[in-house]
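Visitor: Please take a close look at the lining of the largest cavity. I should then like to see it set beside the helix contacts and the unusual points of the backbone.

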Amino acid sequence: MLYYLGRWLQSQFDVFGFFRLLNYLSFRSIMAALTAVVIVFLLSPRWIRAMHRRNFLDQVRETGITSAFDKAGTPTMGGVLVVAAMAVSLLLWCNLANPFLLSSLAALLWFGGIGFWDDWLKSSHGSGDQGLGEMTKLLLQGGFALGFAVIYLTPASPVPAEIATRLYLPFLKKPAANLGILYGVFVFLFVLLVANAVNITDGLDGLAITPSIFVVSVLGVFAYVMGNTIYSVYLQYPYLRGAGELTVFASAFIGAGLGFLWYNAYPAQIFMGDTGSLAIGGTIAVISVLLKQEVLFPLVGGLFLIEALTSQVQDKVGVRWLGKRIFYRAPLHHSLQHHGFAETKVVIRLWIISGILALLALATLKIR
Amino acid sequence: MRKAFSRKFVEMVQGSLVSRVLGFVREAVVASFFGATRATDIFAIAFTIPTLFRRILGEDMVEKAFLPSFRQLIASGDYRRAWVLASRTLALMTLLLLLLMGLCYVCTPAMVNMVNLVKITADQQFSLEDLRRAELMTYYVLPFMVAIGLASFVGGLLLFLDATASYSLAPMFLSIGAVGGIVIFEPYVGIYSMAVAFVLGGVLQFLVQIPPLIRASRRSGLGLQFSLGRAGEGVPEMREVGRQSGPILLQSVANKSVEVVERVLAAALVPGSVAALYFARRLVELPNAIVGLSVGRAGVTDLNDEAQRGDWSAFRATVIRAIRYNIASMVPITVFVIVLSIPMTAVVYKRGAFDTTSVDMTSLAFSFYTVGLLGGGFWSLYTRIYPALAKNQVPLYTSLACAAVNVVLDILLVRTPLMNGGIALGSSVAISLNATMLFAAFNGELRRLGQRGIGWRDLGSTTISTTLASSVGGFTAWVLFPRFRAIPLVAALPHFVFSLADVVALGLAGSVGVLAFLLTLGYWSRFRNDKGSATDRVILTGGGTGGHVNPALAIADTVKERNVGARFLYIGVCGRAESVIVTRAGYPIRYVRASAFPGFRPSVALLRFVLSLAVGILQSCFWIAVFQPGMIIGTGGYASAPVIFANTLMRALRLSRAKVYIHEQNSVPGKLNQVIGRWADKVLLTFPQTKAWFPRNSVVVGYPVRRSVTLEQRRREEGIPALPIPSGRRVVFVFGGSQGARTINRALVDALGYLRPRRHELFIIHGIGLFNAPDYQAREDTDHRFRTRYGQKEQEEIASFYYFQDYFHNIGDIYAVSDLVVCRGGAGSLNEISAMGKPALIMPKANLPGEHQIMNARAMCQAGAAEVIYEDTVTEEGVLLEKVEGKHFAERILALLDDPEHLAGMAACSRAFMRRNALERIAAEIHGTPFPDAPPEDGRSSYLKPLLTNAQLLRLLERTREREKSDYAPQLVISEPDDLEYYRHRAASLLTSPHWQERNLGVKLIGLLKHEEKLSSLLHLLADPTPASWLQRLLGGDYRQVGFIRRNILAALQHLNRWDGEVEAHVIRALADGYYEVRTQAARTMRQFADRLMEREAVCDRLLSLLQDRSFEVVIEASVALGAVAGDRRATEALLDLREHHYWQVRDAALRALALLVKRGVIHDRQWLVTEISRFILTMTDFRSHFAIKESYRQLFELCREMATRESKVQGEGVSRNAEPFPGRESKVQSA
């Protein structure tokens, strides 16, 4: 809104000439981040109290880890704070007609909605196992992924048709292949994978949010480059008109994320719940696809991928089929805890790893 | 045997399906590499001769001339001569093939030049260059003839030796070899790669059959002794083989030489014509195969029986049915193929060098070949009819005549603008002519036998309706295909191995076309059938076991009584109980595909279920459309699902007006029935409590006992003529339902020995059952057990009081003469027993949905009408089995028989047990007339507390154990000793499950239920060396008893708390298990039983070596166990060595172990120890968070509760419910 107001004032009155600042992505990005962080700071204490009052407390499943037991009773659904702060900040500072932004915002709200429903059910049943069924969740996520994949292939897609179905690999200048309609299938699967990967990672205080901030920051840099005629030519990326708006989105996320970390840092006063983790996962997936950086995800979001893989391999291959544990525990962070590392140590080490991965991913900007 | 046959059939169909698909892949690879060009022409021509001889020598002669003689010799037990015959035939064939090959090498130039015999236009002939290439190609390809001839011979032997899977999979390797050859060699030798590839494939096919041949012959005990025999040793069968070969050779040559002519003619056309014909023929083989199947399905196999019996009217009826089947399946296929021939061809072949021109040429030939499909179907039908009439020569003559006509037609038609299409048309016309001639000749034959010829009156309506419906369906598909193809989203689909756009458009247009076809057929039948009253036509469905089939038949009989004109059609699954019982009862039966619902978890079984359901629904739609029933009566079992689904679908389309009645026999409906029941007009229930599942549309009627059962009661004194029971004997009837029960059969055979001393008072009648699957053949297994268990004299003695039969169609008589019935707990059996007023000894089957057999049995037991005997799970000859000890079984039987008063009381209770007049109630429901006395809604059969499922039980036990710790006992959870006994039996029976998850559950339950008798079974499982499947091993699996099971067995041992030498040996072995959790658990077990160890030294050694384990968890547990077990200095040293271990938990465990050693007095020198432990690394990477506020909260909370308890004690009341935040604690207080 401020974006539109400012532009309008600037065009009508000379006095408001300084509002041309709003044309600069950098300015809007910083403002979006600040707005988001302020909103989270303002809302969080009230929200946490409200959650306590309504008894929306985390119901920890019996995983056998004592520290988890000890944290039973921490309120959940902190994701609502992140989503709300981002939404408000974006409404204020973004060009709402931008298709990139609209897609990402839609993903944020849709996946946030699924997570919210799930959290709501879990809390009101008072049991971690009585949320949405796995199938329902997958169907709801699949519905969005399918719609997104279909729109992505039509002319209504934010990405121009000539590059939409091409597969870009990190470290390669030229697209590796044109997948045609199969690209839709790829996008569909990718969105499902990434959305759930973050969900699985969200198991320890601050474990999901910080790596997410790293990933989104890297994607924000990519958005800035690819949405900029000069940088994109210089770094030999395809120019995506309007992609720069995702930089604002990314910084709003960084702001909201930092604000959330303030309360989520060990020992947490609030958890993000599925509301947050699904929303973050879905958004990261959609942004990666929009920026043609899907294949970069295994690198930049390597932590999420490992967490998801260990969990799936352990459950589907090991426990369900082979009848043995393949890892001591899964996902990765539980395994580390099982090895005798304190929660704080695990979290910080995984942050370090994800930071290193983010740096490597940034390096692909130039090393190609 | 039926079951074995159907299994073999399925194996063959699946095998040949894979082979067929791969055959298509092979052709598609050829097509994509070379297209329909001169190169492929040359290949097809060069291939003519080898394929000709392959068919003749390999397939026809082996199957029809050699195998029958071979089979006869084997049957007569003369293995040596049989193998001599085989070797000589093989030798002769090899010689012949080699000779033929030599001859061909000499004649090739001449043969190839024949290609240019015909001249249609001046410039289209093979050039000299082409001829030379064809010559070369022929040279290369000739060895294929030898290889494939030998491969076919070996294949024939395999088929005979019952290695059907290997037999039908071998052609796969031909395709694999061929594809591989082309892909590899094409860059080097160009078109000759085809020849190389096929030779390679042929050799491969031959070679892969050798190992299975050796294995199969060893397995069948026939030995594999190829030997030519002594010189001069006569094998007269050899002559027979030779004599048989003559006519076969002639017929094959006649059929195949037409192909030669076709190719020669086509060679004169545009380049690629021969190839187009070749590819088109391949395509048309697929529907041809479907005809073969459908003809077989239509019951042509019965023809031989009917002919032998001289039942010519039945013979005629079967032929008419087969013809109708043929028309109904071939006409639509023909129309659809002609209409969509271009996209079909494109989908299969179009890629690489196979361009649009090739597609056009091939699809033209394809559609003209298709014209002959109907004739081809007839032809293959008649070639099966004539052997039944013992007139083999008729088809031979007509074939020869038609071959001539074919050649003439080809020559005439090839000059028309149809070109190679003309050639295809020629062969289609010829085969149709052939069929017509056979048809006419057969009608003459029928008249001679005094029957009316088959004519318009028999076939008219089928012909008209199918033609009409096919035209409509075909037209729809034809109109829609280009439109679907043009939809932008479809058109945008890429060419990805297949032209995906074509596939999608084809699928859509085809489905809509089929729908249109079915709709037209339905409307037409309705129009035709409106003359009669629809309510007269009833479809019966349901099956799998007699328990589902018999009620359907009982209801049908009742309907028939009220409405004499009613017509019935039974729809069931081929090869199950219904195919025996229904046929015998005289109702017509049709088969559809169906399979049991495996649950929602994604799996191969689920996929198969969905596919077979889809196919089954289509088939059912067809039958409903044709039969136009007014009523459908389903009696459950998965067989009824497709019919009900189809009817619901067709009712929605206003295509069917049939009302649906479901009868549910069990107290707990299966998953499918739950769904189906919702769509039924009325669900007829046996048990009142089932109403919970169908509150809206159900009515309790009871179980419809067959009239034939209840009507026979007066025969009690007369006895049964076929079954002479000496007077004064007490008769016991033992049976396990229509399919039979392994436990009952085996237990009875074992019990016979114990019953033998009382043989002058007893008579045992045994219904063995029809069950016949690879893992259990009821009859064979029982016979075998009987023969191996008893000697000659015993057998004779037993025969004096024991009578058995597979299945009793006169079961009513048997019930009538019995004094005691032993059976399973199925609702059907129990209701029949109750209707007859007999006392029963029930051996219910556990682990069924809802435990319905157990519930039934216990209900009857509570009513005083029966006694229950549970199956036990025991290890026998190294295998875990469910069984009932023969001795125990015999004792129970004798105990009952020796107490006639008790028995009489039971009989009286039995008579009063079940709901009566079920059939009258059902008839009243169906006809809408109220039954005089409304059934009381309470009944009294079943009002027991429902049992817990295994999973529920486990959860309950685990929770209790966690709460009570050392005070735990299973009796805390299960107060009824009866229940506990049953749960223990059930848990033990899980150990025999094929799914490891269930075995695992069983292991856990046995531990928690403290079922000590099963200790040896657990140890048996723990030591089971059977490896897991190779796929699982590839991904890290090890044994069939997976890691979790082994771990949980050790945990169960801890619960059972029994220790002896054997247990110790097993646990010591488990310390060296490959899976770390097992080692951990074993160490934990050692620690628990540390005081009772016998081989302390050995245990210590093992534990010491575990300190070097890869897994830190194992090291931890091993250290602590060492602390509890060790008695010498070695352990102390080893534990001290852990002071710098990477993981703090290990160092921690070492310190705890040392403390134990000190306490136990093993370490005396404490001063020394203090200096030693000072070198331990004491940093750690973990800590426990301590939330002080929660502590304060809990203290306050407990204080309040204590006060409350004290107060309530004073007031004599329960705990007030103020303890919401800690529900677990509250319940503890309540239960304490």
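Guide: A residue counts as nonpolar if it is Ala, Val, Leu, Ile, Met, Phe, Trp, Tyr, Cys or Pro, as charged if it is Asp, Glu, Lys or Arg, and otherwise as polar, Gly included. The model is predicted, with local features requiring pLDDT of at least 70 and side-chain atom pairs pLDDT 80 or more, while totals for chains, interfaces and linings use all residues. Residues are numbered from 1 along each chain as written, chains are lettered from A in the order written, and side-chain values use heavy atoms without hydrogens or water.

The count comes to six cavities of 30 Å³ or more (a cavity is a set of points on a 1 Å grid where a 1.4 Å probe fits but cannot get out). The largest cavity holds about 90 Å³ of space (the volume filled by probe spheres set on the points). Its lining (residues with an atom within 4 Å of a point) is formed by Tyr168(A), Leu169(A), Pro170(A), Leu172(A), Phe222(A), Met226(A), Tyr237(A), Lys292(A), Gln293(A), Leu296(A), Thr364(A) and Arg368(A). By class, eight of the lining residues are nonpolar, two are polar and two are charged.

A helix contact in chain A may be set beside this lining. Helix α6 (residues 134–153) and helix α8 (residues 182–201) of chain A cross at roughly 140°, and their axes come within 8 Å (helices are DSSP runs of H or I with at least four residues; axes are fitted to C-alpha atoms over the stretch in contact, and angles between N-to-C directions run from 0 to 180 degrees). The pair α6(A) and α8(A) is therefore oblique, a label for angles that are not under 35 degrees (roughly parallel), over 145 (roughly antiparallel) or 65 to 115 (roughly perpendicular). On the α6(A) side, the contact (heavy atoms within 4.5 Å) includes Lys137(A), Leu138(A), Gln141(A), Phe148(A) and Tyr152(A), and on the α8(A) side it includes Tyr183(A), Val187(A), Phe188(A), Asn196(A) and Asn199(A). This contact of α6(A) with α8(A) has twelve nonpolar, five polar and one charged residues.

Chain B supplies two further pairs. Helix α42 (residues 1096–1106) and helix α43 (residues 1112–1125) of chain B pack at about 150°, their axes lying 9 Å apart. Consequently α42(B) is roughly antiparallel to α43(B). Among the residues that meet are Arg1096(B), Cys1100(B) and Leu1103(B) from α42(B), and Val1114(B), Ala1118(B) and Leu1122(B) from α43(B). Here the contact comprises twelve nonpolar residues, no polar ones and one charged. For helix α29 (residues 827–836) and helix α30 (residues 852–862) of chain B, the angle is about 20° and the axes are 10 Å apart. The helices α29(B) and α30(B) are therefore roughly parallel. Ala827(B), Leu830(B) and Ile833(B) of α29(B) meet Asn856(B), Ala857(B) and Met860(B) of α30(B), a contact with five nonpolar, one polar and no charged residues.

The backbone features lie in loops between helices. In chain A, Tyr266(A) and Pro267(A) are joined by a cis peptide bond with omega about -10°, and Pro267(A) sits in the loop between α11 (245–264) and α12 (273–290). Another cis bond runs from Ala330(A) to Pro331(A), with omega near -5°; Pro331(A) belongs to the loop between α14 (302–322) and α15 (332–338) of chain A. In chain B, Lys965(B) is not a glycine, yet has a positive phi of about 50°. Lys965(B) is placed in the loop between α34 (950–964) and α35 (977–990) of chain B.

Key: Helix = DSSP H or I, 4+ residues; strand = E, 2+ residues; numbered from the N terminus. 1 Å grid on protein atoms, 1.4 Å probe; cavity = no way out; pocket = protein on both sides within 12 Å on 5 of 7 lines; lining within 4 Å.
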